[in-house]
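Reader: I am new to metal sites in proteins. Could you take me through this one step by step?

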Amino acid sequence: MSYQKYYVPESSRYPIFAAIALFLLVTGAASTINDLGKPDSNSVYILYSGFAVFAITLFFWFRTVTKEHLVGLDSAQLKKSFVFGMAWFIFSEVMFFAAFFGALFYVRNFAVPWLGGEGEKGLANILWEGFEASWPVMSTPDLGSAFSLPEKNMSWPGWGHAMEWLPLWNTVVLLSSSVTVHFAHLALKNNNKRVFNIWLGITVGLALTFVGLQVAEYYEAYAHYGLTLNSGIYGSTFFMLTGFHGFHVMMGGFMLSVMLCRSVFYNHFDPHDHFGFEAASWYWHFVDVVWVMLFLFVYIL
Amino acid sequence: MLNRISRSNKFSLIFTPFLFLTQPTLAAWYDINMTKGVTTVSNEVFDLHMLIFWVCVVIGIVVFGVMFYSMFAHSKKRNPNSATFHENTKLEIVWTIVPFLILVLMAIPASNTLMNIYKDVEGDINIQVVGYQWKWQYKYLEDDIDFFSNLKTDWDEIYNKTPKGEFYLQEVDEPVVIPVGKKVRFLITANDVIHSWWMPDFAIKQDAIPGFINTAWTVVDKPGTYRGKCTELCGKNHAFMPVVVRVVSDEDYKEWVSNKKAEAYRMSELTEKNWTVEELKTRGEGVYQKNCIACHQTNGQGIPGIFPPLTGSDVVLNNKAKNIEILMEGAQGTAMQSFANQLSEVDMAAVITYTRLAWGNADDGNGEIVVPKDIVEYKKPKA
Amino acid sequence: MSAVIESHEQDHHHGPPKGITRWLYTTNHKDIGTLYLWLSFAMFLIGGAMALVIRAELFAPGMQIVEPEFYNQMLTLHGLIMVFGAVMPAFVGLANWQVPLQVGAPDMALPRMNNLSFWILPFAFIVLLSSLFMEGGAPNFGWTFYAPLSTTYAPPSVTFFIFSIHIMGASSIMGSINVIVTIMNMRAPGMTLMKMPLFVWSWLITAYLLIAVMPVLAGAVTMMLMDIHFGTSFFNAAGGGDPVLFQHIFWFFGHPEVYIMILPAFGITSHIIETFSRKQLFGYTSMVWAMTSIAILSFVVWAHHMFTVGMPLAAELFFMWATMLIAVPTGVKVFNWITTMFKGSISYETPMLFAIAFVVLFTIGGFSGLMLAITPADFQYHDTYFVVAHFHYVLVPGSIFAIMAGVYFWIPKWTGNMYDERLGRLHFWLSFISVNITFFPQHWVGLAGMPRRYPDYALQFADWNMVSTVGAFMFGASQILFLFIVLKTLMGGKKATAEVWESSRGLEWTLESPPPYHTFTTPPKVN
Ligand code: HEA
Ligand code: HEA
Ligand code: CUA
Ligand SMILES: [Cu+2]
């Protein structure tokens, strides 16, 4: 391959605005959280302004990258940089989830049994008389009023109730969305734009369905199961793992819808060169794999 | 200030970098080395320490020896033309394997000592050690003895207003007492944040984790007073919660136990007594100095943002019931712990009364006082 | 359409734009490297000033200049700022300058993201430092922020601390992605992996470590945030969690983090030693393997920071053995350096002096590390000044010396001017002597039983603490000289040639000094 010039933009004002946006976001978020329960606090506006600046900046930033691509400023080598970059970004996300899965592993295998009097550090139980280890933890070691104890949990309810069990449906929805996004990709490679748009549209629809079901599940948990963030370690791990996953579904779904818009309104994608879409779909597969792990470790086992 | 540096140390001030090897002759060895301690385990640990130390010294001499030699002999001046070798597989294998073997030789005694330390079964005497911000509680599980151990050093000494005593920061009002030659097991935990119970002479350092129990055991053959410290950052007064253990003969220990029990009985009698406001207030001031001042400060002004003021607090001024409650139950999820098990009924009543009357609170609030009976009443199970 | 693309005219001018926007909007790896280095130096001074507050308070027993509460804040911020603000950004700055030059790339792979990685940092530190002025004061729970001291018992500013860690993490991750992609994708034709300069190798591994562990740190602070404000009980036994869980997560990040702070130093040292020994580096291949093994091992030794938390015996044994193993690859590196010098033709310019001091003093720090790894002995060492001495030996005459060595080594290339050699050597000797006066006696007070994180101590530790404080002020003052030397070099000085040093090796020395604003727009060939 002959040498292609590597495109280095001369300068850009987007990064500094993104940095300012992050600054507003974090100061806004921190002061809003610290002011929770104070009705006269205005901190939340800093947070909003951070969001606004961030969204606008990213919009223009990505628009510029897209335009550069369309006028052919980028080279195959630059595309490879994007590919590597995305891959490593996803790896960092994997490690973020690893922290939470690790926490789940630790509490299930060590902390909770010890508190319940089992294992090498089981002596701890003399501080928590009456607490018995079980998973999901339906009663906390401290039996006092500090925690809202759940009446039901989200685990596998047995074959009899499998059909009313939302996580199963969620799994079906998300797994099939991985398939549909793959079909979309195939269609794109065959230069069949209409079919591509349809499959991608279905994928976005499935993403929305998933989020809807997840909301329903949370509603059930809070309204009928008494299972909240405040239910001790089971509630903590359950909501943090599924919550961060749900958040990533929303991000992935958003990316896919942006790709859908780019395809429907601007016809941006070339059958041989469509990294924007590919990146979004990788992300989507990653989100899917995380769900499979969740399904296994949070719901089933 | 400089006169505190002894003459030999003024000398070393200049030569510190070179002192590494000559130091033992200049300052007392124990001032710069690990304590040997007084138990079999602590001696084993000390030997281990010296072993690895000397291994490192020897390796260091060899490695740096070669390096200094070539720095001297192969300088540009002496060796204008450098050699060209840059690989030698055999050599590289040797210096991978030899250090590995040295490490294995070190790991064997280390693992053995560790396994000895972990042979931890029931002791003759079991003491539950509980870390609090910033004091230790000791509960003798067999004997129903239960007391707190606070720093004894005066704050005036700490703030350089009076000269510092010999055991500056290493003295407590009530040391733990254990008998000589018996296997004592400590069940270590904490009430608020993580602390760590360190007794160098026994080579015990165990973190005190709230909600969990760590254990450590010792057999001490030499009577004496041993001094240790809290070694996990636990907030503002982390440096001010020492550990002192008194190891005594068996008879002395028995006597101490019966004295402690008698004392508890006298305490309960005090509750029955009719207390005057003045008596309560005076007693309360003492209790306050010992238990509350760390957070709520000398004049009850607190520290803005972390510890609320008691001066002018609505609870303290006007709400007697709430005031008792907060001391008996603590405030969930804050540094304000329950004092129900730490203070006797008398001391509890006294300190509440004191805070309600001191610093002008008497004038601003309703001036209600609390007597020991109120506390007894509060403790009765509610129907 | 191309009219809206601001940079399409890049072929027309080659110098940097003028004014402040040059720095705000820059996508140039050299500019960004410079920004990183200055930020790092500023943070070093601020963190150092805090260390001086600490040392001044410890000059004599008794509380004299600060309250314990404030001491804890200084301690925490000192640790955080030195780690996240001084050492890490300095290495990123060096990577920005050197990696593209050393692999023959036109710039970093993702130049705009590079700018973002940098500009997040000043804001993150503004957030962190502003906590000093908040009600309840700055974070006061140590740079390791163990729960529950950092959750239930923390001052309100902890929320700001958490978010500032979040964005620092984001910055590090983006920075590392950039470095990895540059190295993987932008090497000049012919530069195979095993021909890469060692600084590049060291950064490839470092970046990988960073991407692996920064998200874990983000997870840890997120759990803290939830525990503090939203009722979860990750670190609360009452709800079934465990404070020790925090430590496991933190150190899973924290231990690789300490190698993040040393691997690039290994890379720099290798270049300097071979250059001034006028002899090719001994054992290039084993250097690469050693760094790789160190990185891999670093993921399985984290609990050596937690020997006293009461882990089961099997865990204590495993973490002891795994930790000891790290001495093997590290030893290989030390031996390689020394063998490189052996039969070389060594001259002692400032970078070489710092590099030699690095080898000696880092090794001493490594020895004390090895002692700490011996679990039963660590029961006595843990949380005493012996640990403080250990990690300052690997960090100050370790990482910081290597950074300074790197600056002296490359600054003629960056500016086109030679630094003042006489002043450089003076700076070295002052630093070398005072750093030992500061930190060597800390081994002794530590062994004799002085716990760390204490604002006040028993009388038998008085003498050596006084010595240590004197050393610290000397060391601090010496760094002002460093600032002066750097500024002087920027202003002018003897012109540097392209090679700068007599026996320099590598692509960066094929460019004129200073290199043009845009370099290697067509990649060089390596054979
Ligand atoms: C740059 C940073 C850095 C580096 C490189 C290291 C390197 C090492 N560290 Fe260190 N460490 C820290 C930074 C670092 N550390 C910090 C910041 C802390 C404290 C954190 C806190 O609590 O705040 C800490 C704490 C710390 C502890 C916990 C102590 C405690 O809290 O109780 C331990 C315990 O095992 C340890 C061990 C080691 C070991 C075995 C190495 C090894 O990598 C060293 C290997 C090197 C050598 C051994 C020398 C060269 C080798 C030879 C010449 C070969 C031959 C030698 C032999 C066979 C002996 N370190
Ligand atoms: C890379 C990391 C790094 C570096 C470079 C340093 C550098 C120094 N550290 Fe650091 N230190 C840590 C990382 C580091 N430290 C960590 C992680 C901790 C643990 C924190 C914890 O326990 O949580 C710690 C803890 C720590 C303690 C222990 C406190 C305690 O446990 O109670 C001490 C005490 O002596 C100390 C001293 C010093 C000194 C004297 C320097 C010197 O080398 C500093 C020299 C630099 C200067 C002095 C700057 C020069 C500036 C001036 C002279 C003037 C200033 C002027 C203006 C700002 C205008 N440090
Ligand atoms: Cu208790 Cu430190
Ligand atoms: Cu470590």
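Reader: Which helix of chain C holds His390(C)?

Author: First, a caution: this is a predicted model. Now find His390(C) in chain C. Its place is in the helix that covers residues 385–415, namely H14.

Reader: Which protein residue is the donor to the iron atom of ligand 1?

Author: Look for a protein donor atom beside the iron. A donor has to lie within 2.8 Å of this metal. The iron has a single one from the protein, an NE2 atom 2.2 Å away. That atom belongs to His390(C).

Reader: Which chains surround ligand 1?

Author: Start with the shell, which has 33 residues. Among the closest are Tyr259(C) and Arg452(C). The shell draws on two chains, so the site is shared between them. Those chains are B and C.

Reader: How far is a polar side-chain atom of Asp378(C) from an oxygen atom of ligand 1?

Author: Two side chains can be read together here. An N or O atom in the side chain of His382(C) is 2.7 Å from an oxygen atom of ligand 1. For Asp378(C), the distance from a polar side-chain atom to a ligand oxygen is 2.6 Å.

Reader: Which element gives the most to the shell around ligand 1?

Author: Several helices of chain C give two or more residues to this shell, including H7 and H14. One helix gives eight residues, and that is the most. The helix is H12(C).

Reader: How many nonpolar residues does the shell around ligand 1 have?

Author: Sort the shell by class. Eleven residues are polar and two are charged. The nonpolar ones number 20.

Reader: Which residues are the protein donors of the copper ion (ligand 4)?

Author: The donor atoms lie 1.8 to 2.1 Å from the copper ion. Along the chain, the donors follow the spacing H-x48-H-H. They are His255(C), His304(C) and His305(C).

Reader: Where is His304(C) in the chain?

Author: Compare it with His255(C), which sits in helix H7. The two are 49 residues apart, so the pair links distant parts of the chain. His304(C) lies in the loop between helix H9 and helix H10.

Reader: Is His255(C) buried or exposed?

Author: Buried means under 20% relative accessible area. His304(C), at 13%, is buried. His255(C) has 3% relative accessibility, so it counts as buried.

Reader: What distance separates the iron atom of ligand 1 from the copper ion (ligand 4)?

Author: Put the two metals side by side. The iron has His390(C) as its protein donor, and the copper ion has donors that include His255(C). The metals are separated by 4.6 Å.

Technical notes:
Residues numbered from 1 in each chain as written. Chains lettered and ligands numbered in written order. Predicted model: local features only at pLDDT ≥ 70, side-chain atom pairs only at ≥ 80, totals over all residues. Heavy atoms only, no water. Donors = N, O, S within 2.8 Å, 3.2 Å for Na, K, Ca; no water. Helix = DSSP H or I, 4+ residues; strand = E, 2+ residues; numbered from the N terminus. Near = heavy atom within 4 Å. Polar contact = N/O pair within 3.5 Å; in protein donor to acceptor, adjacent residues only side chain to side chain. Nonpolar A, V, L, I, M, F, W, Y, C, P; charged D, E, K, R; others polar. Buried < 20%, exposed > 50% of the residue type's maximum accessible area, 1.4 Å probe, protein only.
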